[in-house]
Amino acid sequence: MKIKKIIIINTLSLLLIISFIFGFLLNENSAGGGEGDFGHILNNYQLIYGNSFTDIDWSKYRDSRFPLDYFIFKLYLPNNVDFWIYNIFLISFITPAILYLTLKKKLLLIPYKKLKNEYLIFIALLFLFLSPYFRTSAFWMLRENMGYFFWIISIFFLFKLKSEFNYKINLISCFLFSYLAFYSSQNLFIIALTNFFLLFDFKDIFKKKNYYLILINILFFSPIVIFFDFFNNSIQYIEIEEINRITFSYFKVVDLYGIILIYIFPMLFIYFQKNELINLLKKNILFIFIILICFCIFFWNYPNNDPLSGGAVRKLLNIFISSEILFKIIYLPICGFSAIISFYLAYKKEKVLLFLLLPYTFFYMFINYVFQEYLDPVFILFLMLYSKNFIFLVANKIYYVFLYFLLFYMSSFTYYIF
């Protein structure tokens with residue numbers, strides 16, 4: 001039976017790899033933004049490749065993210081769009097391999113738990129190659145996957161910190177790649193933040209290692225000054241009427257947890273047994289009901305006139321529901337329930353998840369559009385890399401997890417075709 005299961009796992013891994021290659025060859029756009037964003041990214045490549053750093057007119061730059069990775073590519077790629085496209089695809093293609101090696105390093109820190117390589121490879125492939133957003137970014141030369149690539153490498157060095165010598169070298173490497181991830185995609189600021197708090201010794205705050213940790217973070221954050229002109233022009237760009245990416249609105253909390261629901265829902269069945277969930281609901285049904293009522297009252301004026309913000313749940317409801325009141329009656333409790341179970345999971349099972357939930361709840365109130373791609377595959381990657389138990393729990397229910405995320409991918413793929 002075990003041999004048969006390994007064969008199935010290996011076959012599914014191979015199919016994921018083949019589907020990823022075919023998706024690239026067929027210009028798959030399963031996240032919706034690939035083809036539209038390609039033009040903006042191409043403009044940025046041409047702008048940076050066609051000028052020296054001091055001659056770049058940042059007002060022509062079409063992205064709210066810092067441009068550091070463009071300059072990295074300029075060191076080894078020629079001025080040719082085909083090379084740019086293949087570069088992002090190849091980096092994305094090898095990212096699961098880097099993730100596998102990182103998870104392998106992680107297992108060395110948990111000697112009392114074992115997991116076969118076949119499962120580890122499949123898990124690394126599953127959450128990346130079934131992500132419609134990771135796939136689309138890989139196929140359309142978008143920038144998000146660079147952030148994930150650097151993030152995973154930073155965690156590799158984080159694990160080396162805990163298991164090997166050369167503390168300073170590994171610490172520098174960890175935060176170098178943490179900040180490269182941040183400069184590639186600003187919503188990945190949680191990486192450097194999480195790594196910092198995990199390594200900071202709060203029991204002895206005057207410890208020499210803490211000073212060294214603070215100094216390294218200041219050093220790697222300082223390049224933001226180099227891009228001062230870019231930053232000024234970028235703010236102007238994202239504040240123009242048709243873009244308008246910076247606007248405070250606490251209603252974005254609703255969209256954030258509506259998106260998180262897609263990823264937190266299967267976690268209930270991964271982390272809790274059926275009887276445990278039933279008893280939990282029975283004991284807390286009144287409390288949950290009161291919290292949901294309060295959530296709905298507080299966010300009742302949520303505007304549903306923005307077609308861009310929000311993720312799959314909101315889009316699905318808007319397809320079938322035309323009444324604004326009925327939409328709120330359904331959507332707001334769903335998002336409230338997502339927030340409840342997210343913090344409950346963090347409180348009971350995965351306290352490290354608070355490093356994602358708390359900063360993002362605050363951060364996304366200042367972002368006008370909260371897209372599904374901001375959390376996919378960020379949420380699952382966060383658990384994979386920082387949780388001690390997640391990959392083992394997933395391995396125990398691997399087929400159910402695979403079918404769930406396959407369904408999500410196929411739904412997204414179908415939605416953007418039709």
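Visitor: Which residues make the nonpolar surface patch of about 690 Å²?

Guide: Keep in mind that this is a predicted model. In it, the patch covers about 690 Å² of surface. Its makers are Leu 14, Leu 15, Ile 18, Ile 21, Phe 22, Leu 25 and Leu 26.

Visitor: Let's pick Ile 21. Is Ile 21 buried, partly exposed or exposed?

Guide: You'll find Ile 21 in helix α1, which spans residues 2–25. Buried would need under 20% relative accessible area, and exposed would need over 50%. Ile 21 has 33% relative accessibility, so it counts as partly exposed.

Visitor: Now for two helices. Are α8 and α9 roughly parallel or antiparallel?

Guide: Helix α8 takes in residues 167–184 and helix α9 residues 189–199, and their axes come within 7 Å. Those axes cross at roughly 155°. Angles over 145 degrees count as roughly antiparallel, so α8 and α9 are roughly antiparallel.

Visitor: Which residues of α9 make that contact?

Guide: Both helices chip in. From α8 come several residues, including Leu 171, Phe 175 and Tyr 179. On the α9 side, they are Phe 189, Ile 191, Ala 192, Asn 195, Phe 196 and Leu 199.

Visitor: How many residues of helix α17 are buried?

Guide: Helix α17 runs over residues 378–386 and is mostly covered. Among its buried residues are Val 378, Phe 382 and Tyr 386. The count is nine of nine.

Visitor: What is the C-alpha to C-alpha distance between Phe 53 and Phe 71?

Guide: Phe 53 sits in the loop between α2 and α3, and it is partly exposed at 34% relative accessible area. Along the sequence, Phe 53 and Phe 71 are 18 residues apart. In space, C-alpha to C-alpha, the distance is 9.0 Å.

Conventions
Residues are numbered from 1 along each chain as its sequence is written. This is a predicted model: local features need pLDDT of at least 70, side-chain atom pairs count only at pLDDT 80 or more; totals for chains, interfaces and linings use all residues. Side-chain values use heavy atoms; hydrogens and water are left out. Patches are made of residues with over 30% relative accessible area and no salt bridge: like charges are joined within 9 Å, nonpolar side chains (Val, Leu, Ile, Met, Phe, Trp, Tyr) within 5 Å. Accessible areas come from the Shrake-Rupley method with a 1.4 Å probe; for residues, only the protein chains shown count as cover. A salt bridge is a side-chain nitrogen of Lys or Arg within 4 Å of a carboxyl oxygen of Asp or Glu. Helices (H or I, at least four residues) and strands (E, at least two) are DSSP runs, numbered from the N terminus. Buried means under 20% relative accessible area, exposed over 50%, partly exposed in between (1.4 Å probe, protein chains only). Axes are lines fitted to C-alpha atoms, for helices over the stretch in contact, and angles run from 0 to 180 degrees between N-to-C directions. Angles under 35 degrees count as roughly parallel, over 145 as roughly antiparallel, 65 to 115 as roughly perpendicular and the rest as oblique. Contact means heavy atoms within 4.5 Å.
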